[in-house]
Amino acid sequence: MRTLSTRLLLALALLATPLVSANAATLEQMAGQMIVIGFQGDDADDASVKALRDEIAAGRLGGVMYLKTNVKSLDAVKAMNSAFKAASPELPPFITLDQEGGAVERLTRDVGFLEIPSAATVASGYSPQKAEAIYSSMAQDIAALGFTVNFGPVADVNVNPNNQVIAKFGRSFSPDPAVVTQYDQAFINAHHKAGLLTSLKHFPGHGSSTADSHAGFVDITGTWSKAELDPYRGLIADGYEDMIMVGHLYHADYSGTDQKLPASLSPQWITGVLRDELGFKGVVISDDLEMGAIRKLFDLHDTVTRAVRAGTDVLLFSNTAAYHAGLDKEILAILVDEAGKDPAFAARIEESYNRIVALKSRLH
């Protein structure tokens with residue numbers, strides 16, 4: 001058994017030694033690309049924003065996540081995003097937000113952003129072609145502010161009309177998977193034309209759930225059906241390779257023999273179904289790993305290491321449960337330390353890094 005000092009020396013050696021990979025990055029830089037973090041601040045001159053800019057410049061952070069609290073004006077958002085991009089022009093950061101339309105949006109009319117209806121309203125009132133025009137307008141406005149990723153479209157099928165997190169807010173396009181797929185494609189096309197990346201969500205399907213993963217444990221064993229995979233299956237077959245966001249949804253048949261693992265921490269879901277069965281080659285991103293479904297059951301170390309071993313490429317933390325300015329550094333330290341102890345874990349980091357670099361190359 002290695003002593004702690006030996007393990008630390010090995011980790012330091014790995015940090016200093018470039019591995020064979022895209023851009024010959026160090027292990028620390030590879031692991032840093034796997035982290036997307038929420039932040040406090042709403043101005044380019046804020047200390048928190050400058051600190052994140054410095055981490056991006058050093059290659060220790062892959063991107064940032066906006067919430068409404070970060071948006072005081074569109075001009076301020078544009079200035080922050082310019083600073084983030086300037087920090088790493090060769091490997092641009094993921095500058096992300098949730099801008100679905102309807103109830104889920106970070107940019108609102110209060111700051112002068114043109115809002116659009118919910119997915120349910122769009123699908124009920126407009127053809128997929130008209131929907132693409134609506135989403136094109138929104139995507140162009142998002143891109144003009146300097147964002148690079150919009151976390152959408154919602155690929156959830158509206159199975160449960162009493163669903164607390166999807167149906168309640170009109171976030172699904174339809175109870176019909178084929179209709180969901182059509183409108184998802186319209187959303188994706190619009191964003192790609194504007195130079196933005198997208199993220200299908202919430203794999204393997206939140207539409208049949210009877211609880212909200214923001215609040216706590218969500219068991220879909222008795223409600224979920226394989227038809228909820230159809231939008232993912234169809235879009236992947238047509239070449240979709242942006243991101244897929246994995247939800248914190250537990251299904252007894254896909255949790256392994258360990259403790260009850262939600263999809264976001266489950267190799268059976270991410271590697272078995274999403275990669276091997278559906279053939280997804282793009283970037284797997286977690287849903288916010290500070291949601292109650294994760295935070296109440298797993299500590300930070302377990303969350304990070306289980307997610308990576310399951311096949312997650314990007315670890316998303318809103319940093320809202322109990323704001324910690326150094327959370328990204330804490331996550332990075334876990335990744336690097338674990339890689340120093342386990343070559344297979346280090347290989348997983350490099351695998352994720354290469355996918356992330358391939359995706360980011362499309363942002364130039």
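How many nonpolar, polar and charged residues does the lining of the second largest pocket have? By class, that lining has seven nonpolar, five polar and one charged residues. The model behind this briefing is predicted. The points below cover pockets, cavities, nonpolar cores, helix H9 and two buried residues.

**Pockets**

- The largest pocket encloses about 430 Å³ of space. It is lined by 23 residues, and Met 65, Arg 106, His 214, Asp 288 and Met 291 are the closest to its centre.
- By class, the lining of the largest pocket splits into nine nonpolar, six polar and eight charged residues.
- For the second largest pocket, the volume is about 190 Å³. Its lining consists of 13 residues, of which Gln 29, Gln 33, Gly 59, Ser 88 and Leu 91 are the closest to the centre.

**Cavities**

- Two cavities of 30 Å³ or more are present in the structure.
- The largest cavity holds about 80 Å³ of space. Its lining residues are Glu 100, Gly 101, Ser 118, Ala 119, Tyr 135, Pro 153, Val 154, Gly 170, Arg 171, Phe 173 and Phe 187.
- Six nonpolar, three polar and two charged residues make up the lining of the largest cavity.
- The second largest cavity has a volume of about 30 Å³. Phe 217, Val 218, His 248, Leu 249, Tyr 250, Pro 262, Ala 293 and Leu 297 line this cavity.
- In the lining of the second largest cavity, seven residues are nonpolar, one is polar and none is charged.

**Nonpolar cores**

- The largest nonpolar core has 84 residues, and the members that touch the most others are Tyr 66, Phe 84, Tyr 135 and Leu 335.
- A second, separate core contains 25 residues, including Tyr 232, Ala 263, Leu 274 and Leu 278.
- Tyr 135 belongs to the largest core and also lines the largest cavity.
- Beyond its neighbours within four places in sequence, Tyr 135 contacts Glu 100, Ile 116, Ala 119, Val 122, Phe 173, Phe 187, Ala 190 and His 191. Among the residues lining the largest cavity are Glu 100, Ala 119, Phe 173 and Phe 187.

**Helix H9**

- Helix H9 spans residues 267-277, and its buried residues are Trp 269, Ile 270, Val 273, Leu 274 and Arg 275. These residues lie on the same side of H9 because they cover an arc of only 165° around the axis.
- The packing partners of the buried H9 residues include three strands, S5 (197-203), S6 (243-246) and S7 (283-286). The helices they pack against are H8 (230-237), H11 (300-310) and H13 (343-360).
- Leu 274, one of the buried residues of H9, is a member of the second core.
- Gly 279, just after H9, adopts a positive phi of about 80°.

**Two buried residues**

- Ser 266 sits in the loop between S6 and H9. Its relative accessibility is 1%, so Ser 266 counts as buried.
- Apart from neighbours within four places in sequence, the contacts of Ser 266 are Tyr 254, Ser 255, Leu 261 and Ala 310.
- Leu 27 is part of helix H2, which covers residues 27-32. With a relative accessibility of 1%, Leu 27 also counts as buried.
- Leu 27 and Asp 302 are 275 residues apart along the chain, and their C-alpha atoms are separated by 20 Å.

Note on methods
Residues are numbered from 1 along each chain as its sequence is written. This is a predicted model: local features need pLDDT of at least 70, side-chain atom pairs count only at pLDDT 80 or more; totals for chains, interfaces and linings use all residues. Side-chain values use heavy atoms; hydrogens and water are left out. Buried means under 20% relative accessible area, exposed over 50%, partly exposed in between (1.4 Å probe, protein chains only). Helices (H or I, at least four residues) and strands (E, at least two) are DSSP runs, numbered from the N terminus. The arc is that of the directions from the helix axis to the C-beta atoms. Contact means heavy atoms within 4.5 Å. A nonpolar core is a set of buried Ala, Val, Leu, Ile, Met, Phe, Trp, Tyr and Cys residues joined through side-chain atoms within 4.5 Å. On a 1 Å grid over the protein atoms alone, a cavity is a set of points where a 1.4 Å probe fits but cannot get out, and a pocket is an open set with protein on both sides within 12 Å along at least five of seven lines; lining residues have an atom within 4 Å of a point. Grid points are joined across faces, edges and corners, and a volume is the space filled by probe spheres set on the points. Ala, Val, Leu, Ile, Met, Phe, Trp, Tyr, Cys and Pro count as nonpolar, Asp, Glu, Lys and Arg as charged, and the others, Gly among them, as polar.
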